[in-house]
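Visitor: I'm new to reading protein models. Could you walk me through this one, feature by feature?

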Amino acid sequence: MYKISRVVALVSGLIPASLMAQSIEGVIKSSDGNAVAGALVTVEGTSARTVTNSDGSFALNDLSAGSTELHISASGYAHLYEDIVLTEAGVKSLALTLIRSPIEVIDIVGAPIHMSVMESASPVSVLSGESLRRQQASTLGDTLEKLPGVQTNFHGNVASTPIIRGLSGPRVLIAQNGLDVSDVSRVGPDHSVATEASTSQQIEVLRGPATLFYGSGAVGGVVNVVDGRVPTDNTTRGEWLLETNSADEKQLATFNVTTGYESFGFYADGYWRESEDYEVPVEAEVEEEEHDHEEEESHDYVVENSAEKSNGFTLGASYLFDEGYVGVAVEQFNREYGIPGHSHDGDVSVFADLEQTRVQVLSEIYVQSQWLNKVSVRGGVTNYEHAEIENGSVGTLFENDGQELKVDLLHNPLADWNGGFSIHFKNNDMSAVGEEAFSPPSESQTIALAAMEEKHFGDVLLQFGARIERVTIDADNVLLPALEAHDHEEEAEDDHDHDHGDEETVTRVFDVAHKFTPVSLSAGLVWDFVPGYNFGISVSRSERAPSAAELLSFGPHIGTNSYEVGALFALDGEEIGLSNQTIDLETANNIDLTLRKTQGDLAFVFNAFYNQVDNYYYQTSTGLYVESSHDHDHEEGVEEEEEHTDELPVYIFAADDVVLNGFELQVAWQATDTFKATVFSDFVRARLKDGGNLPRTSPMRFGTQLAYVDDNLTANLDVTRYQSQDHVAEDETSTDGYTMVDVSVSYDLPISSQDIMVYLKGTNLTDTEARVHTSFIKDIAPRPGRSFAVGVRGNF
């Protein structure tokens, strides 16, 4: 008998779980008793998922016996988690109720553990669905700037990138489906991000350090653009859009489609966009002949060199099976755009020609093993080229070849702890050749290991994480030229009469090899202290290795209108040589406090943060100037100073301790089934610990959105106030505040099997002159004036 029992136990252990499967069926209703159709029901830790029908009913089959957790999500409702135990007694029947939430709750897909705006210890935001289509712009920064805590560095409508809590550049990672976009947008503000919002499904923003998931380059946050290029199912569906805009005569066409057959899924998307120089309202003082005094008169101008032409397409395919999928996608991304304020010899415009080919391999496989639950693999190979064209020839050529691989290994629950390990490899080989190649060719490589765990203790969720990296930066052609620099007084004495022929012009060339070991730690807690409310706290210590550009730069960077010198060098009087200072890691100590009301007709999210960054790398003025061989555009009606018109100020990267603190607030009120009002505000104060301000810090902002939605008609009114910014760095000017008023109206036209929507969007309806303080070119490229966009969009 004992032997038979042992045999039975052994055989039972070998039988696949699907042969001992159980089922769950149920119905999901709202708090007022109405069926919730289209709700997504998933079983955590498995590939099992389904959607409720028109009666709110669902069924899940082939489930393993034991404890499990259901996750239910639906648009307009707070998420619901239900712990259940599946026994061998038969089918488990459930009756579940969802409670309304006027703040949209959307899961982050770019993180291995569960995160959303209402449920995670770390503050996150997601832009998707109708909100994404309404706010999408030609650049990523302009698309996201209405999210709390996110602003744009607005570079003339052509190359804007996101600023998260006052941080950007090498501290904010731009990702696509969880992988670095591998462009050069983090090197200069005039470099466009090589990703497209019009073909994306959602855009995720992780505010604060996200180093555990993405590495030390995400010490300030992450923007992850999610699309369906690697399909996870074979359901036939698609979307297309046509749009035109009056401010820049923009024409836009885009589509994406997913389909499949049996075990295969297929995907394709494409877009085409073309625009001219955009119009701006500028107040100029003109003298009327028939009057003896000056009057202010409003004129329409254009920002020269702000046109663009771009297009791209993606093809993807997946093999689908019960335990997951494996897929690959190939993207071609092309963009040609002007660089405002960047003209040579007074009338020769400069434009950028960007090309990128990107291959991504994505896979998620649920495994039946004693330890592992799911294996997620993300890999990418990118070939990037960015040429700056001057008078028909290439003036500077930027190239970047990137390879990246991430493997997430999620384990089965261990004493009710959920989580796993992540292995991450990334390599970037970047070069710049030409007269504005301010950074030498270099190779940066990262190898990392991370662990993330979370556990529920009743109404409390605990989250922990740790990550260790090995970062290497190698360059074998670092230049230290003899810099012919001078200050104001020297120039005034010599009156530009320098005998350049007698100056030493020897350039030293040497090798650089730096190795860093950043370590990041985080802990978070979410406490549902009463039904419908929770409190969150997140603390982290994140380290970042400086980028190659921050270390090795030595040359003119026209995008910032400066001569940049890296932290590897130091100023001694008017001479620049190698620095004797140790190149240290940048360390951010961050704390986030969050209070949320998650359910009911009124909901809110309030975040307060404090971030102390030690050894913060930033550019500081030397007071010196070097001659520039280029002339640059200036705004009409603004007189230039006679001094330094053909020279660039010298800025050198220094390291100092800084403090950033602030808040984000979002309150939404669902007044009726058709009307919702939302107000928001955000603020960041960025200063040097020993006194002084960081440059180009986002100003305080607050605004409101009124939304009306019925069966066919949708209308939105957005009013956003940007306060003036007078907390400025040395040699930086303050910026006046302004108010933006935007409106959009759309109407659904159900035609055959498609849902057709026609829409009208009005932007800056008051035709306000709005200069973005975070922009390097705010004086020559304010925001566009009053504009209207008309479009039609279809879904099938």
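Guide: We'll take a sheet, a buried residue, the cores, some salt bridges and two backbone angles in turn. First, this is a predicted model, where local features need pLDDT of at least 70 and side-chain atom pairs count only at pLDDT 80 or more, while totals for chains, interfaces and linings use all residues. Residues are numbered from 1 along each chain as its sequence is written, and side-chain values use heavy atoms, with hydrogens and water left out.

Visitor: What is the strand order in the open sheet of three strands?

Guide: Some terms to start: helices (H or I, at least four residues) and strands (E, at least two) are DSSP runs, numbered from the N terminus. Two strands pair if DSSP finds at least two bridges between them. Here the order is β4-β1-β7, and the pairing is mixed. β4 (57-63) and β7 (92-98) are the edge strands with a single partner each, so one side of each has no neighbour in the sheet.

Visitor: How are neighbouring strands of this sheet turned against each other?

Guide: Axes are lines fitted to C-alpha atoms, for helices over the stretch in contact, and angles run from 0 to 180 degrees between N-to-C directions. In this sheet the average turn between neighbours is 25 degrees, direction ignored.

Visitor: How many bridges join β1 to β7?

Guide: Seven, and the two strands run parallel; β1 covers residues 22-30. As one case, S30 has L98 in β7 as its bridge partner.

Visitor: Now a single residue. Is H386 buried or exposed?

Guide: Buried means under 20% relative accessible area, exposed means over 50%, and partly exposed is in between (1.4 Å probe, protein chains only). H386 comes out at 0%, so it counts as buried. You'll find H386 in strand β23 (residues 372-390).

Visitor: Which residues does H386 touch?

Guide: Contact means heavy atoms within 4.5 Å. Not counting residues up to four places away in sequence, H386 touches H191, Y337, A352, D353, L354, T396, L397 and F398. Sequence distance can mislead you here: H386 and D183 are 203 residues apart along the chain, yet their C-alpha atoms are 8.8 Å apart in space.

Visitor: Which side chain makes a polar contact with that of H386?

Guide: A polar contact is a pair of N or O atoms within 3.5 Å; within protein, one must be able to donate a hydrogen and the other to accept it, and residues adjacent in sequence count only if both atoms are side-chain atoms. The partner is Y384, at 3.2 Å.

Visitor: Which residues touch the most other members of the largest nonpolar core?

Guide: A nonpolar core is a set of buried Ala, Val, Leu, Ile, Met, Phe, Trp, Tyr and Cys residues joined through side-chain atoms within 4.5 Å. The largest one has 30 residues, and L483, L552, F554, Y563, V565, F569 and V650 touch the most other members. Elements that each supply at least two residues include β27 (460-481), α6 (548-552) and β37 (647-670). The largest share, five residues, comes from β27. Apart from this core lies another, of 29 residues, with V219, V225, V658 and L694 among them.

Visitor: How many salt bridges does the structure hold?

Guide: A salt bridge is a side-chain nitrogen of Lys or Arg within 4 Å of a carboxyl oxygen of Asp or Glu. There are 28. One of them links R100 and D601 at 3.5 Å, N to O. R100 sits in the loop between β7 and β8 (124-128) and D601 in the loop between β35 (586-597) and β36, so this pair ties together parts 501 residues apart in sequence. R100 is partly exposed at 25%, and D601 is partly exposed at 40%.

Visitor: Are E469 and R467, another such pair, buried or exposed?

Guide: E469 is buried at 4%, and R467 is buried at 2%. Their closest approach in the salt bridge is 3.1 Å, N to O. Salt bridges can also form a network, as with E130, R133, E239 and R793.

Visitor: Last one: what is the phi of N615?

Guide: About 60 degrees, a positive value although N615 is not a glycine. N615 lies in strand β36 and is buried at 18%. D731, also not a glycine, has a positive phi near 70 degrees. D731 belongs to the loop between β40 (713-722) and β41 (738-751), and at 57% it counts as exposed.
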